[in-house]
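Thanks for coming. I will go through the empty space in this structure and then its aromatic side chains.

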Amino acid sequence: MTTCTWPGTDPMYIAYHDTEWGVPEWDSRALWEKLILDGFQAGLSWITILKKREAFREAFAGFRPEIIAEWGEEDVLRLLANPGIVRHRGKIEGTIKSARAYLKIENDVGFSNWLWAYVDGAPLQNQMQTMADVPGFTPLSTRISKDLKKAGFTFCGPTIVYAFMQATGMVNDHMTGCPCHAKVARMAQRPTV
């Protein structure tokens, strides 16, 4: 069996792979948080962000966009002084801008609905045999990236968007030999409320 090798041997990374990565996320706020964290990852490894995730959640008010959208320069300076997060002015300012963009979409059609419409409401079930088969980006991630930028989001290039799609289960990129592939495939239907 070919399993996903990217988590390596780090217990935190393995747990993330086994329980969270690729699991379809339907909650709008949780989707936004993951998109923002993927933006902070730009130029870094995901394990760096994963290890700082709780500090990010604390620093960014639980990733509540309605709060973050009201922030200004004083908040940017506060965050730039926080050693628990990635201190990058552009990414922090981009988060505030993206919170405002998120609220517009959420109030209009719902952020989750907007994103999941790109895959007709169900995860794409890829059949990756090896890690070499996994693309860095796709035409779809490029299209979503352009639409996010048009809506006012930042740090959401095609590669970041594809990583986001993988993490949130919009695409199932677990290797077909990985036990998680079948588990995630069974979660392909949006829960009814």
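Pocket, cavities and rings

The largest pocket holds about 430 Å³ of space. Its lining is made up of 23 residues, and those closest to the pocket centre are Trp21, Gln41, Trp46, Ala163 and Gln166. Keep in mind that this is a predicted model.

Which elements give two or more residues to that lining? They are α1, residues 11–19, α2, residues 28–41, and α9, residues 158–167. The biggest contribution is from α9, which gives 6 residues. Sorted by class, the pocket lining has 16 nonpolar residues, 5 polar and 2 charged.

Now the enclosed space. How many cavities of 30 Å³ or more are there? The count is 2.

The largest cavity has about 60 Å³ of space. From the sequence region of α2 and just beside it on the slide, please find Leu35, Ile36, Gly39 and Phe40, which are among the lining residues. The lining also includes Lys91, Gly94, Thr95 and Ser98, and it is completed by Thr154 and Phe155. The elements with two or more residues in this lining are α2 and α6, the latter spanning 89–108. By class, the largest cavity is lined by 4 nonpolar, 5 polar and 1 charged residues.

The second largest cavity comes to about 40 Å³. Around this second cavity are Tyr16, Glu20, Lys34, Leu37, Asp38, Trp46, Arg53 and Ala167. Here the elements giving two or more residues are α2 and α3, where α3 covers 46–59. With 3 residues, α2 gives the most. The class count for the second cavity is 4 nonpolar and 4 charged, with no polar residues.

Two names recur across these lists. Trp46 is one of the residues closest to the centre of the largest pocket, and Trp46 also lines the second largest cavity. Helix α2 gives two or more residues to the lining of the largest pocket, to that of the largest cavity and to that of the second largest cavity.

On to the rings. Over the whole structure, the search returns 16 aromatic pairs. One of them joins tryptophan 32 and phenylalanine 63, edge-to-face, with 6.1 Å between centres and 70° between planes. This pair links distant parts of the chain, since tryptophan 32 sits in helix α2 and phenylalanine 63 in the loop between α3 and α4, 65–68, with 31 residues separating them. Are these two side chains buried or exposed? Both tryptophan 32 and phenylalanine 63 are buried.

The two also belong to one aromatic cluster, whose other members are Phe40, Phe56, Phe60, Trp71, Tyr102, Phe111, Trp114, Tyr118 and Phe153. Phe40 from this cluster is a lining residue of the largest cavity as well. Another member, Trp71, has a charge over its ring: arginine 78 lies over the face of tryptophan 71, 4.8 Å from the ring centre.

Last, the backbone. Which residues other than glycine have a positive phi near 50°? Alanine 61 is one, and phenylalanine 155 is another. Alanine 61 is placed in the loop between α3 and α4, and phenylalanine 155 in the loop between α8, 139–151, and α9. Alanine 61 counts as buried because its relative accessibility is 16%, under the 20% limit. Phenylalanine 155 has a relative accessible area of 32%, so it is partly exposed. Phenylalanine 155 is also in the lining of the largest cavity.

Definitions and conventions:
Residues numbered from 1 in each chain as written. Predicted model: local features only at pLDDT ≥ 70, side-chain atom pairs only at ≥ 80, totals over all residues. Heavy atoms only, no water. 1 Å grid on protein atoms, 1.4 Å probe; cavity = no way out; pocket = protein on both sides within 12 Å on 5 of 7 lines; lining within 4 Å. Points joined across faces, edges and corners; volume = space filled by probe spheres on them. Helix = DSSP H or I, 4+ residues; strand = E, 2+ residues; numbered from the N terminus. Nonpolar A, V, L, I, M, F, W, Y, C, P; charged D, E, K, R; others polar. Phe/Tyr/Trp six-rings, centres within 6.5 Å; stacked < 30°, edge-to-face > 60°. Buried < 20%, exposed > 50% of the residue type's maximum accessible area, 1.4 Å probe, protein only. Lys NZ or Arg CZ within 6 Å of the ring centre and 35° of its normal.
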